[in-house]
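Please look over the sequence and the structure below before reading on. The report is meant for a reader who meets this structure for the first time.

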Amino acid sequence: MKNSVNRELPDELLSKLNYQGFESTEIGHPEIQRVAPKVHVSTGDDKVVDSIKDVVKATVKDGMTISFHHHFRNGDFVFNQVMRAIIDAGIQNLTLAPSSLTGVMNDMVIEAIKAGTITNITSSGMRGSLGDFVSHGGLKNPVIFRSHGNRARAIEHGDIKIDVAFLGVPNADRLGNANGMAGKAVFGSLGYALMDAQYADQVVLLTDNLVAYPNTPASIKQTQVDYVVKVDQVGDPDKIGSGATRFTKDPKELKIAQTVNDVIVNSPYFKDGFSFQTGSGGAALAVTRYLRQAMLDNQIKASFALGGITKPTTDLLEEGLVDKVMDVQDFDKGAAASMHANPNQQEIDASWYADPDNKGAMVDQLDVAILSALEVDTHFNVNVMSGSDGVIRGAIGGHQDAATAKLTIISAPLVRGRLATIVPDVTTVVTPGDSIDVVVTEYGIAINPRRQDLVKALSHVPGVPVYTIEELQQMAEKKVGQPQPLEFTDRTVALIEYRDGTIIDTIKAVKD
């Protein structure tokens with residue numbers, strides 16, 4: 001069958017897994033019955049366990065679903081310690097359901113797959129050696145990729161039923177009260193882990209900083225926690241923000257950032273009380289700097305900033321240019337430290353952030369979102385998952401979720417090296433073109449024809465050339481030529497869910 005973005009989906013697989021094809025970005029107003037976790041009733045006096053080996057023996061059995069968070073990013077020491085104990089115990093046929101997978105986890109996951117320990121994965125994304133391994137058919141069953149908001153939805157629906165959540169924290173007391181704001185490996189908001197703590201049947205905290213009871217403020221509470229394990233080190237704080245928060249000096253990125261700012265400032269949404277999400281990465285941080293100056297020049301303040309938070313965003317909070325920061329994840333130590341110090345930086349869980357099936361998510365109130373892309377096609381569909389070689393090398397993250405903003409801007413270079421970013425058809429559709437309003441490159445912008453209001457508002461902005469998306473695609477092709485078509489096998493190695501749980505695309509195995 002074909003879905004509404006014209007992607008061919010395997011009927012047999014969709015029927016087997018009880019999936020529907022993607023139809024629309026409109027979620028509607030269904031009534032949802034959420035699930036609840038099992039509760040192992042305890043006074044709490046015996047929660048501290050001597051070792052990871054002991055807690056794995058007490059909790060993990062063949063065929064279970066286990067989860068982790070990725071707030072430590074590439075500084076994570078918890079995942080590999082736990083997985084080593086699970087592999088060594090000979091446990092088989094697990095579903096791995098982390099909020100996302102980072103590079104530091106790759107080798108251990110591949111080893112676990114080869115050992116038969118992991119046979120299913122659901123995640124926001126994967127990169128590096130693991131992405132290459134899966135793309136060449138290394139995992140028995142297709143990976144299911146979900147956005148952060150969709151993961152929250154799937155947990156609340158029971159589509160992801162977590163048996164055991166292993167959650168690393170920089171502090172905890174003996175009963176399991178914990179937060180991400182104090183200790184040696186501070187990462188700030190526990191936003192993604194809060195879903196696991198609330199819905200997993202068993203919750204295991206791992207910390208290198210066991211503090212006096214009761215530990216407050218408590219993001220994760222003793223009422224949710226079954227076991228606490230003291231370890232030598234949960235993470236490397238210097239690697240938590242590595243790569244995500246660099247300030248760019250690249251002229252191309254600066255040009256894109258300036259143009260993004262020009263689009264925002266000349267849109268109908270740049271007014272007192274507007275809200276925004278900018279993300280991480282060099283160009284996004286530069287946008288925040290340009291936006292700050294525009295807010296000062298126009299005497300405009302934002303009501304809130306949302307999403308993964310960086311220090312430049314918390315600086316706007318300190319400066320009084322943003323009233324509130326709604327924080328689901330911190331990308332650097334500066335943002336993490338700010339949450340501890342500023343009560344207007346509110347920790348939110350992934351459901352509050354972006355779950356489409358609740359009574360109002362933060363993304364539903366978002367005015368402006370600035371997002372990146374590996375590819376954008378002439379239908380405005382966006383790929384953030386597959387590289388030009390067809391190999392998995394990205395993550396959905398909050399891309400689909402934030403794209404529900406009133407003004408969704410994709411910032412991307414026209415070409416990267418000898419590869420076009422603006423293409424006739426993306427390799428993998430992750431975010432549908434109906435969600436995208438403006439594409440910004442260093443050469444100019446393209447406005448989705450559905451947004452004639454923006455065409456009118458942005459067509460005569462000084463220094464901002466406006467092209468059709470087809471013109472940008474042809475410009476890119478003229479620079480780098482047409483690539484050879486990618487070759488895939490018939491085997492499906494991954495399913496891309498839209499945020500409502502329907503299938504928007506699949507990823508096939510790359511031919512060797």
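The report turns to a buried strand, to backbone details, to a pocket and to pairs of aromatic rings.

## Strand 11 and its neighbours

The model is a predicted one, and a convenient place to begin is strand 11, which covers residues 302–309. Seven of its eight residues are buried, so strand 11 is largely enclosed by the rest of the structure.

Strand 11 has parallel partners in strand 10 and strand 12: with strand 10 (residues 274–277) the pairing extends over three bridges, while seven bridges join strand 11 to strand 12 (residues 322–330). A305 in strand 11 can be followed across both pairings, since F276 stands opposite A305 and A305 in turn stands opposite V325 in strand 12. Together with helix 11 (residues 311–319), strand 11 and strand 12 make a β-α-β unit, and this unit is right-handed.

## Backbone details in the loops

Two cis peptide bonds can be located in the loop between strand 8 (202–207) and strand 9 (227–230), where P214 is placed and where P217 is found as well. The bond from Y213 to P214 is cis with omega near -5 degrees, and the cis bond that joins T216 and P217 has an omega of about -5 degrees.

Positive phi values occur at N18 and at Q299, neither of which is a glycine. N18, with a phi of about 60 degrees, is found in the loop between helix 1 (11–16) and strand 1 (48–49), and its relative accessibility of 67% makes N18 count as exposed. Q299 has a phi near 55 degrees and lies in the loop between helix 10 (282–298) and strand 11; with a relative accessible area of 74%, Q299 is exposed.

## The second largest pocket

The second largest pocket holds about 820 Å³ of space. Its lining consists of 34 residues, and those that lie nearest the centre of the pocket are E375, S388, D425, T427 and L486. The elements that give two or more residues to this lining are strand 20 (419–420), strand 21 (422–423), helix 16 (469–480) and strand 26 (503–510).

Strand 26 provides the largest share of the lining, namely four residues. Sorted by class, the residues that line the second largest pocket are 13 nonpolar, 11 polar and 10 charged.

## Aromatic pairs

Across the whole structure, a search finds six aromatic pairs. In one of them, the ring centres of F22 and Y498 are 4.9 Å apart and the planes stand at 65 degrees, so the pair is edge-to-face. This pair links distant parts of the chain, with F22 in the loop between helix 1 and strand 1 and Y498, 476 residues apart from it, in the loop between strand 25 (488–497) and strand 26. Both F22 and Y498 are buried.

For F68 and F166, the ring centres are 5.7 Å apart and the planes are at 20 degrees, so this pair is stacked. Here too distant parts of the chain are linked, as F68 is in the loop between strand 2 (65–67) and helix 3 (78–88), F166 is in strand 7 (residues 164–169), and the two are 98 residues apart. F68 and F166 are both buried, and ring pairs link F68, F79 and F166 into a cluster.

Technical notes:
Residues are numbered from 1 along each chain as its sequence is written. This is a predicted model: local features need pLDDT of at least 70, side-chain atom pairs count only at pLDDT 80 or more; totals for chains, interfaces and linings use all residues. Side-chain values use heavy atoms; hydrogens and water are left out. Buried means under 20% relative accessible area, exposed over 50%, partly exposed in between (1.4 Å probe, protein chains only). Two strands pair if DSSP finds at least two bridges between them. A crossover is right-handed if, with the strands pointing away from the viewer, the path from the first strand over the helix to the second runs clockwise. On a 1 Å grid over the protein atoms alone, a cavity is a set of points where a 1.4 Å probe fits but cannot get out, and a pocket is an open set with protein on both sides within 12 Å along at least five of seven lines; lining residues have an atom within 4 Å of a point. Grid points are joined across faces, edges and corners, and a volume is the space filled by probe spheres set on the points. Ala, Val, Leu, Ile, Met, Phe, Trp, Tyr, Cys and Pro count as nonpolar, Asp, Glu, Lys and Arg as charged, and the others, Gly among them, as polar. Rings of Phe, Tyr and Trp (its six-membered ring) pair if their centres lie within 6.5 Å; planes under 30 degrees apart count as stacked, over 60 as edge-to-face and the rest as tilted.
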